[in-house]
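Here is a short report for a first look at this structure. Keep the view open while reading.

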Amino acid sequence: MASAMMAAAGLVTAVLSLAACGSDRDQQSSTPLGSDDPGVAHVHGLGIDPADGALYAATHTGIFVLPAEGEATRLADRYQDTMGFTVVGPRHFLGSGHPDQQDKVLHQEGTPPLLGLIESTDAGETWQKQSLFGEADFHSLVAIHGRVYGYEATGSRFLVSTDMKTWERRSEGITLGGFAVSPSDPELVVATGQTGAVRSNDGGRTFAPLADAPPLALVAWDTARGLWGVAADRAVFAATTPAGPWSDKGTLPGEPEAFLIADSDLYAAVMTSDGRTAIYRSSDDAATWQLRYRDPD
């Protein structure tokens, strides 16, 4: 099953988000205190389910499905802090992060609140543990080339698995905000580091500064559309290869949280100037952005 899943994953664009929450909050389960629902807040990742074209937002307090019209809907009434998130195929998701403390499957007393790698085959309604439960918190996940690549934030490790059960430690002691893997070369990885974009030519074993690249905070790589990135100052860039040249394509309408390439469209989750989460779509290579979702007043 894992091999078939990952073969299909080569068609899926990586979704990457900023290395998100503070360390104290990261070690807690995600059910909020009180009765107020925080809604779509602090988006860690975006994905499109090819089964029905629905847009999903993985957040600090749950995963939401956002229909073309209407309100965002929380999946399964779960407040799971889904830090790492990617859509692998129809109704098939991978995730990581921290459990909802009311989740009888993924929250266990006495076990560190670290989900390791979890998998859903019903579009996020239910999740199953795959590996590193209680041991790992993947902030970024990419499934491609018959492998799952992950940046594990608790141990500052870059890990790779071919079966979702066992992992090869490619490097450790590194700090990455997110990464993307070349659609054509399983050894070529571009990531965002503490001082700007970095690249690896050996599958994440070593990283070096990416010369002449803009100071990227988010990256995504698409087979047809090339390598894209977003800077912390909201500028959007694109290049055919990591070596560039990089073209300035436009500006996000808010501070970047997550970025997605899906077919001919770009999607971005941002924090607006009034402190609310919004999700935008661009169909003209970031020249203009159309509001897809905004936190209600």
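Contact here means heavy atoms within 4.5 Å. The model is predicted.

## The chain as a whole

The chain has 297 residues, and 58% of them count as buried. Its secondary structure comes to two helices and 25 strands.

Take the contacts in the chain with a separation of 6 or more. Residues 24 or more positions apart account for 45% of these contacts.

## A loop residue: Thr 126

Thr 126 sits in a loop. Strand E8 (117–120) lies on one side of that loop in sequence, and strand E9 (128–131) on the other.

Is Thr 126 buried, exposed or partly exposed? Its relative accessibility is 36%. Buried means under 20% and exposed means over 50%, so Thr 126 counts as partly exposed.

Which residues does Thr 126 touch, leaving aside those up to four places away in sequence? They are Arg 78, Glu 119 and Ser 120. Thr 126 can also be set against Ala 76. The two are 50 residues apart in sequence, yet their C-alpha atoms are 7.7 Å apart in space.

## A four-stranded sheet

Four strands make up an open sheet. Their order is E10-E11-E12-E13, and the pairing is antiparallel. Strand E10 (138–144) and strand E13 (168–172) stand at the edges. Each has a single partner strand, so one side of each is left without a neighbour in the sheet. From one strand to the next, the twist averages 15°.

In general, strands of a sheet pair through backbone hydrogen bonds. The pairing can be parallel or antiparallel.

## The E12–E13 hairpin

Now look at one pair in that sheet. Strand E12 covers residues 157–161. Four bridges join E12 to E13, and the two run antiparallel. One pair of bridge partners is Arg 157 and Glu 172, with Glu 172 in E13.

E12 and E13 form a hairpin, with six residues between them. Met 164 is in the turn and has a positive phi of about 65°.

## The second largest pocket

How much space lies in the second largest pocket? The volume is about 220 Å³.

Residues from separate parts of the sequence line this pocket, including Asp 37, Pro 38, Gly 39 and Val 40. Phe 64, Glu 71 and Ala 72 are also among them. So are Tyr 293, Arg 294, Asp 295 and Pro 296. By class, the lining of the second largest pocket has six nonpolar, one polar and four charged residues.

Methods
Residues are numbered from 1 along each chain as its sequence is written. This is a predicted model: local features need pLDDT of at least 70, side-chain atom pairs count only at pLDDT 80 or more; totals for chains, interfaces and linings use all residues. Side-chain values use heavy atoms; hydrogens and water are left out. Two strands pair if DSSP finds at least two bridges between them. Axes are lines fitted to C-alpha atoms, for helices over the stretch in contact, and angles run from 0 to 180 degrees between N-to-C directions. On a 1 Å grid over the protein atoms alone, a cavity is a set of points where a 1.4 Å probe fits but cannot get out, and a pocket is an open set with protein on both sides within 12 Å along at least five of seven lines; lining residues have an atom within 4 Å of a point. Grid points are joined across faces, edges and corners, and a volume is the space filled by probe spheres set on the points. Ala, Val, Leu, Ile, Met, Phe, Trp, Tyr, Cys and Pro count as nonpolar, Asp, Glu, Lys and Arg as charged, and the others, Gly among them, as polar. Buried means under 20% relative accessible area, exposed over 50%, partly exposed in between (1.4 Å probe, protein chains only).
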